[in-house]
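Biologist: Could you take me through this model and back up each label with its cut-off?

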Amino acid sequence: MVHITSFVESLFALAADEDPEVRKNVCRALVMLLEVRSDQLLPHMNNIIEYMLIRTQDSDENVALEACEFWLTLAEQSICKECLTPYLSRLVPILVNGMKYSEIDIILLKGDVEEDESVPDSEQDIKPRFHKSKTHSLKREDSELSDDEDDDIDDDSLSDWNLRKCSAAALDVLANVFRDELLPVLLTILKETLFHGDWEVRESGILVLGAIAEGCVNGMTPHLPELLPFLINCLSEKKALVRSITCWTLSRYAHWVVNQPHELYFQRLMSELLKRILDSNKRVQEAACSAFATLEEEACTELVPYLGYILQTLVFAFGKYQ
């Protein structure tokens, strides 16, 4: 480790290499060093952060993904807040931009297919899945979002770790480090993304709301009376991918919803999620079932007055699903 300085200097000599494989491995080496000897990187940290800000936007997604890992790793270090605070206004927009579906993602997800309820399930579609209790973390574990939340965010065809998931996970862990300090930057971005004309941008904004639900809970609470009706309305969006991510994001705020007078948000949210359980798109059906399971867990016995309606919907769903 006595040669770390010369090693880092050698890495920077390769930093702008034309070969994306070289750039990817430069990023990987810096992430590995950060994991084991963050103290030794401190003298170089400003230059490293500047480099990673550039590489997280690399035209090669594999390079961008490797660079994005840096923010996840840095968030776990005690030096994170000290090092990263001056860069938040630049980093947060980059992460939010990385949370948009790419064109390839949409093709793999069959994002142009809005109705597929009549298509019989394959064996892969109906493999056993179990709802995980109180899933609130997006942190990476063994190349997957913990507690199967990657399945809530992305289709099985995108089950591999990718830039969208890594960006969302990085924003989640940074929200838990910086808490409400992120909001001055994020709220400005959200005002633009949530009402954007392109559905892909709106969808990423809704994902952002879900990613920060835990870390920025105190700062977001004053905005929830306005945001919850907006999100519930998004459950009726034309695009299935928007409806499905909205189910997940609403589940992240289920605890707050349950603790408000039921006539304000809970009853309408429950009703709309039950409608989405009967959606014409299977991806939305699955996301709605998962979100409703979270709502059930939070509401517990408060669901008793609504059991007839709930059971009627679920029984109908069993007959409807292929």
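What follows is a chat about salt bridges, burial, backbone angles and helix packing.

Modeller: Ground rules: this is a predicted model, where local features need pLDDT of at least 70, side-chain atom pairs count only at pLDDT 80 or more, and totals for chains, interfaces and linings use all residues. Residues are numbered from 1 along each chain as its sequence is written, and side-chain values use heavy atoms, with hydrogens and water left out.

Biologist: Fine. Why is the pair Arg-90 and Glu-50 called a salt bridge?

Modeller: The term asks for a side-chain nitrogen of Lys or Arg within 4 Å of a carboxyl oxygen of Asp or Glu. Arg-90 and Glu-50 have N to O at 2.8 Å, so the pair qualifies. Arg-90 sits in helix α7 (residues 88-98) and Glu-50 in helix α4 (residues 45-55), so this bridge ties together parts 40 residues apart in sequence. Helices here are DSSP runs (H or I, at least four residues), numbered from the N terminus, and strands are runs of E, at least two.

Biologist: What makes Arg-90 partly exposed?

Modeller: Buried is under 20% relative accessible area, exposed is over 50%, and partly exposed is in between (1.4 Å probe, protein chains only). Arg-90 has 39%, so partly exposed it is. Glu-50, with 29%, gets that label too.

Biologist: How many salt bridges does the structure hold?

Modeller: There are 13. Another is Glu-272 with Lys-275, at 3.1 Å from N to O. Both lie in helix α17 (residues 266-277), three residues apart, about one turn of the helix. Glu-272 is buried at 11%, while Lys-275 is partly exposed at 42%. Elsewhere, salt bridges with shared partners link Arg-23, Arg-55 and Asp-58 into one network. Within that network, the closest N and O atoms of Arg-55 and Asp-58 are 2.8 Å apart, and both of these residues are buried.

Biologist: Back in α17, how do you know that Arg-276 is buried?

Modeller: Its relative accessible area is 14%, which is under 20%, so the label holds. Leaving aside neighbours within four places in sequence, Arg-276 is in contact (heavy atoms within 4.5 Å) with residues including Leu-235, Arg-243 and Ala-288.

Biologist: And what makes α15 largely enclosed?

Modeller: In α15, 13 of the 13 residues are buried, so the rest of the structure largely encloses this helix. Helix α15 (residues 240-252) reaches 19 Å from its first C-alpha to its last, close to the 18 Å expected at 1.5 Å a residue; the expected span is 1.5 Å times one less than the number of residues.

Biologist: Why is Cys-300 called exposed?

Modeller: Cys-300 comes in at 53%, over the 50% limit, so exposed is the word. Cys-300 is in the loop between α18 (282-299) and α19 (307-320), and its phi is near 55°, a positive value in a residue other than glycine. Arg-179 also has a positive phi, of about 55°, and is found in the loop between α10 (163-178) and α11 (183-193).

Biologist: Last one: which values describe how α7 and α10 pack?

Modeller: Two packed helices are described by the angle between their axes and the distance between the axes. For α7 and α10 the angle is about 145° and the axes are 8 Å apart. Axes are lines fitted to C-alpha atoms, for helices over the stretch in contact, with angles from 0 to 180 degrees between N-to-C directions. Residues that meet include Leu-88 and Leu-91 in α7 and Leu-163 and Phe-178 in α10.
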